[in-house]
Amino acid sequence: MNKPAPKVLANADAVIQLLAQDGALNHAEIADRTGIPRPSVYRLVDGLAAISLVEPRTDGTIGLGPRCLQLADAARATMREWEGADRILLDLASETHLTAYLSVRSGDEAMCVEWAQGRDFAILLLRPGRTLPLHAPVAGRVLLAYATDVHDYVRSDALTPPTTPDVETLVGELDRIRESGYAETAGEVTVGVGALAVPVRDPSGTVVACVSVAGFAPAVRSSRDAYLDSLKTAAQHLEETLAAS
(Lines give C-alpha, C1' and ligand atoms only; values in the text may rest on other atoms or scores of the structure.)
Protein backbone atom coordinates (compact mmCIF):
# COMPACT_ATOMS: atom_id res chain seq x y z
CA MET A 1 0.00 0.00 0.00
CA ASN A 2 1.26 3.47 -0.85
CA LYS A 3 1.59 6.22 1.73
CA PRO A 4 -1.14 8.85 1.38
CA ALA A 5 -0.15 11.95 -0.58
CA PRO A 6 -0.26 15.40 1.03
CA LYS A 7 -3.80 16.75 0.86
CA VAL A 8 -3.13 19.42 -1.75
CA LEU A 9 -1.47 16.89 -4.06
CA ALA A 10 -4.24 14.36 -3.47
CA ASN A 11 -6.84 17.01 -4.35
CA ALA A 12 -4.93 18.05 -7.47
CA ASP A 13 -4.73 14.41 -8.53
CA ALA A 14 -8.46 13.98 -7.91
CA VAL A 15 -9.22 16.93 -10.20
CA ILE A 16 -6.95 15.68 -12.98
CA GLN A 17 -8.31 12.13 -12.73
CA LEU A 18 -11.88 13.43 -12.84
CA LEU A 19 -11.25 15.53 -15.94
CA ALA A 20 -9.49 12.60 -17.60
CA GLN A 21 -12.50 10.37 -16.95
CA ASP A 22 -15.45 12.73 -17.41
CA GLY A 23 -14.09 15.40 -19.75
CA ALA A 24 -14.36 19.16 -19.31
CA LEU A 25 -16.37 20.33 -16.28
CA ASN A 26 -17.08 23.62 -14.57
CA HIS A 27 -15.88 24.51 -11.07
CA ALA A 28 -19.17 23.58 -9.41
CA GLU A 29 -19.24 20.16 -11.09
CA ILE A 30 -15.66 19.48 -10.06
CA ALA A 31 -16.48 20.41 -6.46
CA ASP A 32 -19.61 18.25 -6.40
CA ARG A 33 -17.94 15.17 -7.88
CA THR A 34 -14.71 15.32 -5.88
CA GLY A 35 -16.08 16.61 -2.58
CA ILE A 36 -13.44 19.35 -2.57
CA PRO A 37 -14.78 22.72 -1.32
CA ARG A 38 -15.48 25.09 -4.19
CA PRO A 39 -12.99 27.79 -3.03
CA SER A 40 -10.28 25.12 -2.98
CA VAL A 41 -11.29 23.99 -6.46
CA TYR A 42 -10.78 27.52 -7.79
CA ARG A 43 -7.30 27.68 -6.23
CA LEU A 44 -6.39 24.21 -7.52
CA VAL A 45 -7.57 25.00 -11.03
CA ASP A 46 -5.60 28.26 -11.07
CA GLY A 47 -2.45 26.45 -9.96
CA LEU A 48 -2.86 23.57 -12.40
CA ALA A 49 -3.62 25.99 -15.23
CA ALA A 50 -0.42 27.91 -14.47
CA ILE A 51 1.59 24.80 -15.37
CA SER A 52 -0.69 23.80 -18.28
CA LEU A 53 -2.02 20.63 -16.65
CA VAL A 54 -5.56 21.99 -17.02
CA GLU A 55 -6.93 24.61 -19.36
CA PRO A 56 -9.93 26.95 -18.91
CA ARG A 57 -12.25 26.96 -21.91
CA THR A 58 -14.39 29.69 -23.40
CA ASP A 59 -17.62 28.03 -22.22
CA GLY A 60 -16.51 28.26 -18.59
CA THR A 61 -15.47 24.63 -18.22
CA ILE A 62 -12.05 23.25 -17.35
CA GLY A 63 -10.35 20.56 -19.42
CA LEU A 64 -7.02 18.80 -19.37
CA GLY A 65 -4.16 20.95 -20.61
CA PRO A 66 -1.57 20.31 -23.33
CA ARG A 67 1.14 19.35 -20.86
CA CYS A 68 -0.81 16.18 -20.03
CA LEU A 69 -0.20 15.00 -23.60
CA GLN A 70 3.51 15.71 -23.30
CA LEU A 71 3.76 13.84 -20.01
CA ALA A 72 1.77 10.89 -21.36
CA ASP A 73 4.01 10.59 -24.41
CA ALA A 74 7.13 10.83 -22.25
CA ALA A 75 5.84 8.22 -19.80
CA ARG A 76 5.00 5.73 -22.54
CA ALA A 77 8.41 6.30 -24.16
CA THR A 78 10.14 5.22 -20.94
CA MET A 79 8.26 1.90 -20.79
CA ARG A 80 10.69 0.18 -23.13
CA GLU A 81 9.97 -3.22 -21.63
CA TRP A 82 6.63 -3.19 -23.44
CA GLU A 83 7.94 -2.32 -26.89
CA GLY A 84 6.18 -4.67 -29.27
CA ALA A 85 3.17 -5.10 -27.00
CA ASP A 86 0.99 -3.20 -29.48
CA ARG A 87 1.63 -5.83 -32.15
CA ILE A 88 0.89 -8.68 -29.74
CA LEU A 89 -2.39 -7.07 -28.68
CA LEU A 90 -3.36 -6.42 -32.28
CA ASP A 91 -2.85 -10.11 -33.03
CA LEU A 92 -4.92 -11.04 -29.97
CA ALA A 93 -7.75 -8.68 -30.93
CA SER A 94 -7.68 -9.95 -34.52
CA GLU A 95 -7.85 -13.58 -33.40
CA THR A 96 -10.61 -13.15 -30.80
CA HIS A 97 -12.47 -10.15 -32.28
CA LEU A 98 -12.47 -8.79 -28.70
CA THR A 99 -10.83 -5.64 -27.38
CA ALA A 100 -7.45 -6.50 -25.83
CA TYR A 101 -5.63 -4.72 -23.00
CA LEU A 102 -2.25 -4.78 -21.28
CA SER A 103 -2.37 -3.48 -17.71
CA VAL A 104 0.22 -2.97 -14.97
CA ARG A 105 0.00 -2.01 -11.33
CA SER A 106 0.29 1.68 -10.46
CA GLY A 107 0.03 2.12 -6.71
CA ASP A 108 -3.36 0.79 -5.64
CA GLU A 109 -4.73 0.77 -9.19
CA ALA A 110 -4.46 -1.21 -12.40
CA MET A 111 -3.39 1.04 -15.27
CA CYS A 112 -3.85 0.26 -18.95
CA VAL A 113 -0.60 0.81 -20.86
CA GLU A 114 -1.67 -0.54 -24.27
CA TRP A 115 -4.85 -1.68 -26.01
CA ALA A 116 -6.15 -2.91 -29.35
CA GLN A 117 -9.76 -2.56 -30.45
CA GLY A 118 -11.58 -5.72 -31.46
CA ARG A 119 -13.35 -6.03 -34.79
CA ASP A 120 -16.72 -7.06 -33.40
CA PHE A 121 -16.48 -5.72 -29.86
CA ALA A 122 -15.29 -2.15 -29.41
CA ILE A 123 -15.54 -2.25 -25.61
CA LEU A 124 -13.56 0.62 -24.12
CA LEU A 125 -13.46 -0.28 -20.43
CA LEU A 126 -9.95 1.12 -20.30
CA ARG A 127 -7.68 3.18 -22.47
CA PRO A 128 -3.95 3.78 -22.10
CA GLY A 129 -3.35 5.84 -18.98
CA ARG A 130 -6.75 5.11 -17.43
CA THR A 131 -7.04 3.16 -14.21
CA LEU A 132 -9.35 1.03 -12.11
CA PRO A 133 -8.97 -0.03 -8.45
CA LEU A 134 -6.95 -3.20 -7.96
CA HIS A 135 -10.00 -5.01 -6.61
CA ALA A 136 -12.08 -4.16 -9.69
CA PRO A 137 -12.43 -6.96 -12.24
CA VAL A 138 -10.58 -8.32 -14.10
CA ALA A 139 -7.14 -6.85 -14.70
CA GLY A 140 -6.85 -5.46 -11.19
CA ARG A 141 -7.81 -8.72 -9.54
CA VAL A 142 -5.17 -10.66 -11.45
CA LEU A 143 -2.51 -8.16 -10.36
CA LEU A 144 -3.84 -8.17 -6.79
CA ALA A 145 -4.05 -11.96 -6.56
CA TYR A 146 -0.29 -12.29 -7.04
CA ALA A 147 0.74 -9.15 -5.13
CA THR A 148 3.00 -9.49 -2.10
CA ASP A 149 0.90 -6.96 -0.17
CA VAL A 150 -2.46 -8.53 -0.99
CA HIS A 151 -3.35 -9.07 2.69
CA ASP A 152 -2.58 -5.44 3.56
CA TYR A 153 -4.70 -4.28 0.63
CA VAL A 154 -7.81 -6.30 1.48
CA ARG A 155 -7.67 -5.05 5.07
CA SER A 156 -7.43 -1.43 3.94
CA ASP A 157 -10.17 1.11 3.29
CA ALA A 158 -9.59 0.77 -0.47
CA LEU A 159 -12.47 -1.68 -0.77
CA THR A 160 -15.59 0.25 -1.68
CA PRO A 161 -18.85 -0.79 -3.38
CA PRO A 162 -19.93 -1.58 -6.00
CA THR A 163 -16.76 -3.16 -7.35
CA THR A 164 -16.52 -5.66 -4.51
CA PRO A 165 -19.26 -6.77 -2.10
CA ASP A 166 -17.10 -7.71 0.89
CA VAL A 167 -13.61 -8.79 1.91
CA GLU A 168 -14.50 -12.48 2.28
CA THR A 169 -15.87 -12.65 -1.26
CA LEU A 170 -12.83 -10.86 -2.67
CA VAL A 171 -10.36 -13.12 -0.84
CA GLY A 172 -12.19 -16.17 -2.18
CA GLU A 173 -12.04 -14.76 -5.72
CA LEU A 174 -8.30 -14.05 -5.42
CA ASP A 175 -7.72 -17.63 -4.23
CA ARG A 176 -9.65 -18.91 -7.23
CA ILE A 177 -7.58 -16.75 -9.60
CA ARG A 178 -4.31 -18.13 -8.22
CA GLU A 179 -5.64 -21.68 -8.46
CA SER A 180 -7.04 -21.39 -12.00
CA GLY A 181 -4.54 -18.91 -13.43
CA TYR A 182 -7.14 -16.52 -14.82
CA ALA A 183 -9.85 -14.04 -13.84
CA GLU A 184 -13.32 -13.74 -15.32
CA THR A 185 -16.09 -11.20 -14.96
CA ALA A 186 -19.53 -10.64 -16.42
CA GLY A 187 -20.98 -7.18 -15.97
CA GLU A 188 -19.44 -6.03 -12.67
CA VAL A 189 -17.78 -2.96 -14.22
CA THR A 190 -19.97 -2.41 -17.30
CA VAL A 191 -23.39 -4.04 -17.61
CA GLY A 192 -23.44 -6.72 -20.30
CA VAL A 193 -19.67 -6.79 -20.76
CA GLY A 194 -17.62 -9.89 -19.98
CA ALA A 195 -13.86 -10.10 -19.67
CA LEU A 196 -11.04 -12.59 -19.13
CA ALA A 197 -7.50 -11.90 -17.92
CA VAL A 198 -4.29 -13.86 -17.32
CA PRO A 199 -1.01 -12.85 -15.65
CA VAL A 200 2.21 -11.85 -17.39
CA ARG A 201 5.44 -12.75 -15.57
CA ASP A 202 8.95 -11.37 -15.77
CA PRO A 203 11.97 -13.71 -16.14
CA SER A 204 12.06 -14.24 -12.35
CA GLY A 205 8.47 -15.49 -12.35
CA THR A 206 7.01 -12.39 -10.71
CA VAL A 207 3.66 -11.21 -12.06
CA VAL A 208 4.27 -7.73 -13.45
CA ALA A 209 1.28 -7.24 -15.74
CA CYS A 210 -1.84 -8.87 -17.05
CA VAL A 211 -3.34 -9.22 -20.50
CA SER A 212 -7.11 -9.24 -20.90
CA VAL A 213 -9.91 -9.24 -23.44
CA ALA A 214 -13.41 -7.81 -23.16
CA GLY A 215 -16.60 -8.22 -25.15
CA PHE A 216 -20.29 -8.99 -24.81
CA ALA A 217 -20.71 -11.29 -21.82
CA PRO A 218 -22.60 -14.15 -23.57
CA ALA A 219 -19.93 -14.39 -26.27
CA VAL A 220 -17.11 -14.39 -23.71
CA ARG A 221 -18.78 -17.17 -21.71
CA SER A 222 -19.55 -19.34 -24.72
CA SER A 223 -15.97 -19.22 -26.07
CA ARG A 224 -14.12 -18.99 -22.74
CA ASP A 225 -11.70 -21.86 -23.37
CA ALA A 226 -10.70 -20.64 -26.83
CA TYR A 227 -10.21 -17.09 -25.57
CA LEU A 228 -8.12 -18.32 -22.64
CA ASP A 229 -5.86 -20.21 -25.05
CA SER A 230 -5.40 -17.02 -27.06
CA LEU A 231 -4.71 -15.01 -23.90
CA LYS A 232 -2.11 -17.48 -22.67
CA THR A 233 -0.36 -17.36 -26.04
CA ALA A 234 -0.33 -13.56 -25.92
CA ALA A 235 1.00 -13.64 -22.35
CA GLN A 236 3.80 -15.96 -23.47
CA HIS A 237 4.75 -13.58 -26.27
CA LEU A 238 4.73 -10.64 -23.85
CA GLU A 239 6.96 -12.60 -21.46
CA GLU A 240 9.38 -13.27 -24.30
CA THR A 241 9.39 -9.54 -25.04
CA LEU A 242 10.20 -8.81 -21.40
CA ALA A 243 13.00 -11.36 -21.35
CA ALA A 244 14.56 -9.80 -24.44
CA SER A 245 14.32 -6.19 -23.19
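This report walks through the fold, the cores, the sheet pairing and two helices of a predicted model.

## The protein as a whole

Let's start with the overall picture. The protein has 10 helices and eight strands. Of its 245 residues, 40% are buried. The protein exposes about 12800 Å², and carbon and sulfur atoms supply 52% of that area.

Contacts across the sequence are worth a look too. Among contacts with a separation of 6 or more, 52% link residues 24 or more positions apart.

## Two nonpolar cores

In soluble globular proteins, nonpolar side chains tend to be buried together. Here, the largest nonpolar core has 27 residues, and Trp82 and Val211 touch the most other members. At least two residues of this core come from each of α5 (85-96), β3 (99-106), β4 (109-116), β7 (193-201), β8 (207-216) and α10 (224-244). The largest share belongs to α10, which supplies seven residues. A second, separate core holds 23 residues, including Cys112, Leu134, Ala145 and Ala195.

Val211 makes a good place to zoom in. Leaving aside residues up to four places away in sequence, Val211 touches Leu89, Leu92 and Tyr101, along with Leu196, Ala197, Val198 and Val200. The list of its contacts continues with Leu231, Ala234, Ala235 and Leu238.

## Strand β8 and its partners

Is β8 mostly covered or mostly open? It is mostly covered, with eight of its 10 residues buried. β8 pairs with β3 in the antiparallel sense over five bridges, and in this pairing region Ala100 stands opposite Val213 in β8.

β8 also pairs with β7, again in the antiparallel sense, over nine bridges. Here Arg201 stands opposite Val207 in β8. β7 and β8 form a hairpin with five residues between them. In the turn of that hairpin, Gly205 has a positive phi of about 95°.

## Helix α3 and its surroundings

Helix α3 covers residues 38-50, which is 13 residues. At 1.5 Å a residue the helix should span 18 Å, and its end C-alpha atoms are indeed 18 Å apart. Its buried residues are Ser40, Val41, Leu44, Val45 and Leu48. Seen down the helix axis, the buried residues of α3 fall within an arc of 135°, so they line one face. An α-helix has 3.6 residues a turn, so residues three or four places apart point the same way. The face of α3 turned away from the buried side carries the exposed residues Pro39, Arg43, Asp46 and Ala50.

What covers the buried residues of α3? The cover includes α1 (7-22), α2 (27-34), β1 (54-56) and β2 (62-64). Asn11 sits in helix α1 and, not counting residues up to four places away in sequence, touches Ile36 and Leu44. At 19% relative accessibility, Asn11 counts as buried, because the cut-off for buried is under 20%.

## Positive phi outside glycine

Ser52 follows α3 and lies in the loop between α3 and β1. Although Ser52 is not a glycine, it has a positive phi of about 65°. With a relative accessible area of 28%, Ser52 is partly exposed.

His97 is another residue other than glycine with a positive phi, in this case near 70°. His97 is found in the loop between α5 and β3. Its relative accessibility is 22%, so His97 counts as partly exposed.

## Helix α8

Helix α8 (residues 167-180) has 14 residues. From its first C-alpha to its last, α8 reaches 20 Å, close to the 20 Å expected at 1.5 Å a residue. Leu170, Glu173, Leu174 and Ile177 are buried in α8. These buried residues fall within an arc of 100° when seen down the axis, so they line one face of the helix.

Which exposed residues are carried by the face of α8 turned away from its buried side? That face carries Glu168 and Glu179. Just after the helix comes Gly181, with a positive phi near 85°.

Terms used: Residues are numbered from 1 along each chain as its sequence is written. This is a predicted model: local features need pLDDT of at least 70, side-chain atom pairs count only at pLDDT 80 or more; totals for chains, interfaces and linings use all residues. Side-chain values use heavy atoms; hydrogens and water are left out. A nonpolar core is a set of buried Ala, Val, Leu, Ile, Met, Phe, Trp, Tyr and Cys residues joined through side-chain atoms within 4.5 Å. Buried means under 20% relative accessible area, exposed over 50%, partly exposed in between (1.4 Å probe, protein chains only). Helices (H or I, at least four residues) and strands (E, at least two) are DSSP runs, numbered from the N terminus. Contact means heavy atoms within 4.5 Å. Two strands pair if DSSP finds at least two bridges between them. Accessible areas come from the Shrake-Rupley method with a 1.4 Å probe; for residues, only the protein chains shown count as cover. The expected span of a helix is 1.5 Å times one less than its number of residues. The arc is that of the directions from the helix axis to the C-beta atoms.
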